[in-house]
Amino acid sequence: MVPLLTIASREWDGGEGYSWAPYEDQAAAQAIGHCCGQSPSRPTKVEVGSTDNMQIYVCPTSPQHPHTDLIQ
């Protein structure tokens with residue numbers, strides 16, 4: 001199985017520090033209130049599980065083999 005797609009609940013860590021936030025978004029990430037209740041680290045508002053990541057894997061040998069997924 002090889003990874004095909006990763007769906008992340010956040011674009012970067014929403015905790016303190018914002019070390020992974022893009023430079024252009026750091027000011028918004030550090031602001032106390034976010035516009036319309038939307039966090040800059042979650043612009044799409046997609047949430048997998050309880051803020052987890054989902055990875056989808058496929059078989060490179062045969063497209064007929066079923067895919068599998070992993071949520072962590």
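Ser 62 is found in the loop that lies between strand 2 and strand 3 of this predicted model. With a relative accessibility of 16%, Ser 62 counts as buried, because residues under 20% fall into that class. The side chain of Ser 62 is engaged in a polar contact with the side chain of Gln 64, at a distance of 2.9 Å.

A second serine, Ser 9, is placed in the loop between strand 1, which covers residues 2–8, and helix 1, which covers residues 26–30. Ser 9 has a relative accessible area of 4% and is therefore buried. Two backbone atoms are found beside the side chain of Ser 9: a polar atom of this side chain lies 2.8 Å from the backbone nitrogen of Val 48, and a polar atom of this side chain lies 2.6 Å from the backbone oxygen of Asp 52.

The elements that these loops connect can be placed in the overall order of the chain. The protein contains 1 helix and 3 strands, and read from the N terminus on, these elements follow the order β-α-β-β. The 3 strands form an open sheet in the order 1-2-3, with antiparallel pairing. Strand 1 and strand 3 are the edge strands of this sheet, each of them pairing on one side only. From one strand to the next, the twist averages 20 degrees.

The pairing may be followed strand by strand. Strands of a sheet pair through backbone hydrogen bonds, in either the parallel or the antiparallel sense. Strand 1 pairs with strand 2, residues 53–58, in the antiparallel sense over 6 bridges, and within this pairing Leu 5 stands opposite Ile 56 of strand 2. Strand 2 is in turn joined by 4 bridges to strand 3, residues 68–71, and these two strands likewise run antiparallel. In this second pairing, Gln 55 has Leu 70 of strand 3 as its bridge partner, while Tyr 57 stands opposite Thr 68, also in strand 3.

The start of the chain meets residues that are remote from it in sequence. Met 1 belongs to the segment before strand 1 and, at 53% relative accessibility, counts as exposed, because the class begins over 50%. Although Met 1 and Pro 60 are 59 residues apart in sequence, their C-alpha atoms are 6.7 Å apart in space. When residues up to four places away in sequence are not counted, Met 1 touches Tyr 57, Val 58, Cys 59, Pro 60, Pro 66, His 67 and Thr 68. Two of these residues, Tyr 57 and Thr 68, are themselves the pair that stand opposite each other between strand 2 and strand 3.

Values for the protein as a whole complete the description. Of the contacts with a separation of 6 or more, 56% are accounted for by residues 24 or more positions apart. Buried residues make up 18% of the 72 residues, and the accessible surface comes to about 5,500 Å², of which 54% belongs to carbon and sulfur atoms. As regards the confidence of the prediction, the mean pLDDT of the protein is 79, and 76% of its residues reach 70 or more. Among the elements, confidence is highest in strand 2, at a mean of 93, and lowest in helix 1, at a mean of 72.

How values were computed. Residues numbered from 1 in each chain as written. Predicted model: local features only at pLDDT ≥ 70, side-chain atom pairs only at ≥ 80, totals over all residues. Heavy atoms only, no water. Buried < 20%, exposed > 50% of the residue type's maximum accessible area, 1.4 Å probe, protein only. Polar contact = N/O pair within 3.5 Å; in protein donor to acceptor, adjacent residues only side chain to side chain. Contact = heavy atoms within 4.5 Å. Areas by Shrake-Rupley, 256 points an atom, 1.4 Å probe, with all protein chains shown as cover. Pairing = 2+ DSSP bridges. pLDDT = per-residue confidence, 0-100. Axes fitted to C-alpha atoms, helices over the stretch in contact; angles between N-to-C directions.
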